[in-house]
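Colleague: Could you take a close look at a single part of this model, namely its open sheet and the helix lying across part of it? Please explain each term as you use it.

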Amino acid sequence: MRFSKGNLILILVFVGGIIMPTAILSFLGFRNIQNEMFLAQKNFDENQAALQKDIEDAIAREQEKIYQETKAASLFLYEQPRSLLEFGNAASFKDVSGIEAIFLYNNGSLVYPDISSKHFYNTHDFSAIVATPLEQRLFYAEQDSGNVESYMPRLMKSVAPFETRNEQVLNILGLIRLCYKEKNYNDALKWLKVLESHPHLQGYLHADITHSVNLLHFEILVKQKKHAEAEDYSLSVLNQFLQSESIEDIPSAKFFFETAFSQILSFEDLSQEKRESFWNLRANFNRQLGYMELLSKYRKNFEELLENEFSTKEGIVYKNDDGITLFKMGYPYLSGNQIVIAKIDEEAYRARLLEKVKNVSQRWKNVPYSIVDERDSVLVGSIPDSSNVLSQSRISEAFAWEFSLYEKDISEIRKESRQRMFLMYGLLLFSLITVIFGSFFMFRFIVQERRLLAMKANFLSSVSHELKTPLTSIKMFAEMMARGRVAKVEKVQEYSGLIGKEATRLENLIGAILNYTRMEHGTGAFKWEKLDFSVCARKVFDAVEDIGVEKGLEFHTRFEPGAYVMGDYTALYSLAQNLIENAIKYTNAPGEITISVYTEEDRTVFSVADTGIGIDSSEQKNIFNDFYRVGDEMTRSTKGSGLGLAIVKRVAETHKATISLSSKLGKGSTFTVRFKKVD
């Protein structure tokens, strides 16, 4: 086979650019696959180091973020309220997720929270006190409501019915309970004022009844609907609390102010301005009380952390003791002599760190590791049953978290390496198959191109001969008639008929070429309309019948009316003309041709059957190709362009019709076209 210069270049590019690189890459790939076990172990070691670094970096970045947020929040602490007038105003405050409380110091002194002088003392134990006889009578009177009316006025008239100070407190409480039970609120307030004038008297088993007395006083005012007095009373208690030199029993104080301010906010007659003030007061004051409660509870821990010097230049020191975790922040995070001590909210702090760890670890699912806390609870990862520990390290300054890496079972590494080996073998096999099939189709394309070029050459040779023959005849007869060489009228008529036949032959050939060109432009060149294909086929038959009759052929026709289709008349005429003319052309006398147009369910069927030379089975798959003709073009006795059946196929495809061929060599052929019927 001879190839054009362009084909040779294409083959060289294909071999040099695809086949050779594929062969080299396949060779190198097979070598790498053999080393997959070593590469898998090396990759596992690298993944372990990368996982540990990623987790440590993630925790360090998140802790650094918490430090920066704490620093930003500490800037607002200088502006927090300290007096009664300030608490009702909205002061800026910034919370930090993972931090429960922030304490600000400057030059060793507490700046926030600082609502009193921070003197704390222990309360007394009154568990050994025995009720006096009078107290017992008050208790029985309270239980027996029938004696209250007769017994209570007599007690209230006594100026000093009790011998000691403690007896006064104990029995006054009993009187208050009796008054409150009988809804004698005015008398109850009278005895409450007696206790409020001695705020630190003790009674029963209470450590301090001061705020209980305050709360009862407040609730009696609310029950009496004296809302303005209740508001003023709560503010007066708050003012006394702020001016006191010491703090005792912060939880009871916190309970009183939270209860009182919440009830005030529920008053329907409270103005909007007061509502906002009490809302801010409750938020600001309760926050500071909560911080002071932490400070009083863990004072020793705070003092030890304050005395602890920074061991590094990082400005962060942690202390984990008594179930709490604190960290101290100073220079270089804070300027000057500022110190911040933050109490960690362990649950929120852990959640922040673990979220980052889980996000990072998702990329290393094949690496066995674990992070356990101080109670040996697994936080992230898992502990393998039989794997040895490769390394352990502490990864959090705030908690005693231990990060462990484990040795991976060699069988698992082999299993993973085998999976990758099978995958790589599959990819190599796929690439080789792709190259082989690509080469096959490449050479097939080149062969088809070569064949097409040969058919085009035959087509040009045939068309040139077909065009030249009628033109020569027309020119010869025309010159003879023009020069007067034909004197007889019979000859003139004969030559005129020959000229007409040759002109018709030339016209048909040119029409075939034009129809093929129109097919190349697609459906845009068609004019679609509803037409009766029987009428179209009959016109074709009427035009070529004389040719078949002169050749000695016998025709059988069936043109069923109403065989409507949607299509282009010129294209359908060309389809019928090519099939009928081919039947006439390739059928010798005596022979028969059957032309049928009929309907079949939802189809319109056009069939042309002949008893001609037939078509060999090896040629049938190619006869509809462009320029294709059976046999050698130079030795073929029946001339043609090779476009007739190609045009038939294009018209059928454009009209979404099917075309079939049934033929036996020497027996004849039957072409059948089925169109979609249009009602």
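Modeller: What follows describes the sheet, then one pair of its strands, then the helix.

This is a predicted model, in which local features need pLDDT of at least 70 and side-chain atom pairs count only at pLDDT 80 or more, while totals for chains, interfaces and linings use all residues. Residues are numbered from 1 along each chain as its sequence is written, and side-chain values use heavy atoms, leaving out hydrogens and water.

The open sheet is built from four strands, in the order β7-β6-β9-β8, and their pairing is antiparallel. Helices (H or I, at least four residues) and strands (E, at least two) are DSSP runs, numbered from the N terminus; two strands pair if DSSP finds at least two bridges between them. At the edges of the sheet stand β7 (378-381) and β8 (389-394), each of which pairs on one side only. On average, neighbouring strands of the sheet are turned by 20° against each other, direction ignored. Such angles run from 0 to 180 degrees between N-to-C directions, and the axes are lines fitted to C-alpha atoms, for helices over the stretch in contact.

Consider next the edge strand β8: five bridges join β8 to β9 (residues 402-406) in the antiparallel sense. Within these two strands, Val 389 of β8 (389-394) stands opposite Tyr 406 in β9.

Finally, helix α13 (residues 346-361) lies across two strands of the sheet, β6 (369-372) and β7, where contact means heavy atoms within 4.5 Å. The helix α13 runs at about 25° to β7, the edge strand at residues 378-381.
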